[in-house]
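Please walk me through this structure, moving from its helices and domains to the shells around its ligands and then to individual residues of interest.

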Amino acid sequence: MKKSYKVLVAVAGLGLLGGYTASSLPAAGGELDNQLVVETQQFPPGSFQSPGSCMGCHLEIHQEWSNSMHAYAWQNRWYQDDYRLAHAETAGATDLLCGACHAPIAARTGQLPPHDGSRFDDTARQGISCDFCHTISGVERLYNMGNISDPGPVKRGNRGDGSSPFHEVEFSPLHTSTEFCGACHNVRHPIGDVPIIDTYDDWKEGPYAEAGITCQNCHMTPTPGIGKNPGKSSFMGQERDNVAFHGFVGGSSFTQRKLGNEEQARLAEEQLRAAAQLQLEGKVADGKLALTVHVDNVGAGHKIPTGVTYIRKMWLEVKVLDAGGKTVFHSGYVDEANHVDPEAVFYRLLFTDSEGNLTGKSWQATGIGYDRRIPAKGRDSETYAITLPGKGDYEAQVRLMYRSFSQESLDFHEGEKAPKVESVEMARASIAIARK
Ligand code: HEC
Ligand code: HEC
Ligand code: HEC
Ligand code: HEC
Ligand code: HEC
């Protein structure tokens with residue numbers, strides 16, 4: 001078994017800064033010739049055990065994991081939409097870049113390319129699974145899937161004091177550290193290094209790293225914040241006061257509901273609601289209301305939103321009603337086509353492409369064009385100038401909203417059969433206003 005831990009190399013001929021389209025890429029001489037990155041660690045197919053082979057003894061963990069986005073990292077239809085568009089627009093140059101994280105077993109066992117998954121075995125299709133994570137032996141790079149694999153009988157984890165008739169166990173400090181997650185939860189464009197996902201870097205620079213609170217502390221417990229999950233990780237194992245929860249709950253309630261995982265969807269909504277709080281201040285002068293909305297990131301260990309924020313949408317909905325309940329001001333509304341008011345205050349990130357236009361296509365990123373996110377334990381404030389039509393009492397109602405996708409992008413990918421994206425309320429507040 002040949003192992004090499006070299007940094008993924010950018011293939012020559014792609015030195016041009018972004019703007020690469022099908023026509024600006026070198027002609028593909030072979031399947032791998034046009035890849036932006038190549039996978040240097042290669043193992044024979046079958047080197048990683050299937051999640052089904054862990055299920056018998058780790059039943060609960062298997063159940064939790066199978067509802068997590070990690071299990072759907074490859075099959076998930078909205079990942080596939082974006083990945084296929086990237087493939088089409090780069091003549092396949094992004095296949096292994098994306099696949100390294102979303103189908104890591106396929107990428108490391110020669111099943112990718114071809115990009116369409118036609119050579120995947122059943123284990124490869126199940127995204128980021130048990131044996132991939134538990135045979136990671138090191139990290140060589142804290143972005144673009146810099147984890148080192150060492151598949152085999154040794155399963156590495158946070159203890160090392162248990163014993164299993166099926167495998168060896170080894171204590172791995174790496175598995176208890178954020179670096180383990182950071183190798184994937186940090187994405188850089190291979191040309192020009194534009195940060196595409198910066199969750200790890202952002203955590204590292206923030207107050208939670210300082211306090212020693214890790215990704216696992218918040219995302220490997222069944223409740224938002226740092227919780228406890230007493231029990232056994234295997235019916236054959238020891239009683240523990242906290243067993244690592246494997247649902248990896250983020251904000252994907254919409255996707256989870258579409259997949260039929262109602263409980264996981266509920267957990268995701270709970271996670272989103274734990275992230276932020278709103279505070280309002282209103283001042284009336286000359287018939288005008290100056291309404292200041294403060295958004296505090298009280299629960300996330302990183303900016304909100306984080307991750308693929310160029311795909312997600314977080315925004316403020318601000319409504320002012322008169323005493324009769326009539327709306328006199330409305331920003332951030334959702335229209336009949338399920339589109340969000342384009343004038344709303346949006347918290348997200350967008351890239352610039354080679355022409356300087358804003359884009360949400362990560363592969364075209366040559367720079368950051370828009371970035372408004374709220375740092376961990378930080379605050380964002382926005383003041384709205386609102387005309388109050390007459391004397392009397394009013395109420396301002398504000399909601400912080402979240403969507404996993406923009407309706408426009410789903411419509412683009414799927415046309416009429418695109419489902420309506422759900423909006424999740426992360427926080428709400430209201431205040432009474434009087435114009436004298
Ligand atoms: C994304 C990577 C990842 C995947 C996928 C994953 N695990 Fe884990 N697992 C971890 C990490 C990280 C820890 C240690 C957590 C900690 O330090 O609290 C862990 C802990 C464990 C533990 C020890 C639990 C305890 O607290 O005693 C077991 C057992 C385990 N995993 C089994 C599995 C099985 C079985 C699967 C598949 C059904 C699986 N894991 C999938 C990353 C993963
Ligand atoms: C025959 C039963 C059995 C099977 C099958 C099995 N395990 Fe385990 N595993 C155990 C037992 C028992 C423990 C010890 C649990 C304890 O004492 O807390 C364990 C512990 C672990 C740990 C914790 C390591 C540590 O100490 O930090 C990991 C990780 C793990 N298993 C991964 C896997 C993976 C991945 C698979 C599938 C490829 C798998 N196991 C299949 C029985 C099994
Ligand atoms: C092999 C790469 C890899 C590793 C290692 C990894 N992740 Fe992930 N993670 C992903 C990918 C890819 C997704 C997105 C899957 C999708 O939605 O298509 C994801 C999704 C998630 C989500 C769900 C986000 C949502 O929107 O619901 C959370 C939470 C998460 N990971 C946390 C962690 C934590 C914590 C660790 C470390 C213990 C970790 N991940 C390790 C690649 C990885
Ligand atoms: C203090 C607790 C805490 C810590 C520490 C933490 N997170 Fe989170 N995370 C949250 C909360 C709350 C949310 C929900 C808000 C959101 O989705 O932005 C979240 C959301 C996420 C999401 C989903 C983003 C989306 O909406 O698409 C991912 C992915 C994620 N975290 C990964 C990580 C990783 C990786 C680390 C470590 C580098 C980490 N988190 C550390 C609390 C935490
Ligand atoms: C270094 C690892 C890594 C690479 C490389 C990577 N991703 Fe991801 N991707 C992630 C992580 C981590 C998440 C989860 C972040 C979140 O939920 O906000 C994610 C989430 C996504 C999502 C959202 C899926 C969902 O369920 O909502 C899409 C779409 C996506 N990636 C597309 C791509 C495409 C296309 C490429 C290649 C151009 C790519 N990714 C390359 C790590 C990676």
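The buried residues of helix H13 are covered by a set of elements that includes helix H12 (253-258) together with strands S7 (276-285), S8 (288-297), S15 (392-403) and S16 (424-435). In this predicted model, H13 itself runs over residues 262-275, and its 14 residues reach 20 Å from the first C-alpha to the last, close to the 20 Å expected at 1.5 Å a residue. The residues of H13 that count as buried are Gln-264, Ala-265, Leu-267, Ala-268, Glu-269, Gln-271, Leu-272 and Ala-275. As background to reading such a list, an α-helix has 3.6 residues a turn, so residues three or four places apart point the same way.

The protein chain is divided into domain 1, residues 22-248, and domain 2, residues 275-435. The C-alpha centres of domain 1 and domain 2 lie 32 Å apart, and 22 residues of domain 1 are in contact with 19 residues of domain 2. On the side of domain 1 that touches domain 2, the elements giving two or more residues are helix H3 (77-89), strand S6 (195-197), helix H9 (199-205), helix H10 (207-210) and helix H11. H3 gives the most to this side of domain 1, with four residues, and by class the side comprises 12 nonpolar, seven polar and three charged residues.

The two domains also come together around a ligand, for the shell around ligand 4 draws at least three residues from each of domain 1 and domain 2. This shell has 30 residues, the closest being Cys-215, Cys-218, Gly-250, Gly-251 and Gly-301, and the elements that give two or more residues to the shell are H8, H9, H11 and H13. Its residues divide into 15 nonpolar, 14 polar and one charged.

Ligand 3 is surrounded by 27 residues, of which Cys-181, Cys-184, Cys-215, Gly-250 and Ser-252 come nearest. Helix H4 (95-102), helix H8 (178-182) and helix H11 (215-219) are the elements that give two or more residues to the shell around ligand 3, and H11 supplies the largest share, three residues. Cys-215 and Gly-250 are thus listed among the nearest residues for ligand 3 and among the closest for ligand 4. By class, the shell around ligand 3 has 17 nonpolar and 10 polar residues and no charged ones.

Around ligand 1 there are 25 residues, and those that come nearest are Cys-54, His-58, Cys-130, Cys-133 and Asn-158. The elements giving two or more residues to the shell around ligand 1 are helix H2 (59-66) and helix H7 (130-134), and the classes here are 11 nonpolar, 12 polar and two charged residues. An unreviewed UniProt entry places the feature "domain: Cytochrome c-552/4" at residues 54-135. In the model, the end C-alpha atoms of residues 54-135 lie 13 Å apart, and the span is 55% helix and 0% strand.

Next come some individual positions. Ile-136 is placed in strand S1, residues 136-141, and counts as buried because 20 other C-beta atoms lie within 10 Å. Leaving aside neighbours within four places in sequence, Ile-136 is in contact with Asn-147, Ile-148, Ser-149, Arg-156, Leu-174 and Phe-180. The C-alpha atoms of Ile-136 and Val-154, 18 residues apart along the chain, are separated by 9.9 Å. Asn-34, in the segment before helix H1 (52-55), counts as buried because it has 22 C-beta neighbours inside 10 Å; Asn-34 and Thr-94 are 60 residues apart in sequence and 8.7 Å apart in space, C-alpha to C-alpha.

Several loops hold backbone features that deserve a look. In the loop between helix H5 (104-108) and helix H6 (122-125) lies Pro-114, and the peptide bond from Pro-113 to Pro-114 is cis, with omega near 5 degrees. The bond from Ile-304 to Pro-305 is likewise cis, with omega near -10 degrees, and Pro-305 is in the loop between S8 and strand S9 (313-322).

Positive phi values occur at two residues other than glycine: Asp-193, near 65 degrees, and Phe-248, about 40 degrees. Is each of these positions buried or exposed? Asp-193, in the loop between strand S5 (187-188) and S6, counts as exposed because it has 10 C-beta neighbours inside 10 Å, whereas Phe-248, in the loop between H11 and H12, counts as buried because it has 20.

Notes:
Residues numbered from 1 in each chain as written. Chains lettered and ligands numbered in written order. Predicted model: local features only at pLDDT ≥ 70, side-chain atom pairs only at ≥ 80, totals over all residues. Near = placed C-beta within 6 Å. Nonpolar A, V, L, I, M, F, W, Y, C, P; charged D, E, K, R; others polar. UniProt positions renumbered as here; feature names shortened; annotations may be inferred. Domains from an automatic or database assignment. Contact = placed C-beta atoms within 7 Å. Expected span 1.5 Å × (residues − 1). Buried ≥ 20, exposed ≤ 12 C-beta atoms within 10 Å, placed from the backbone.
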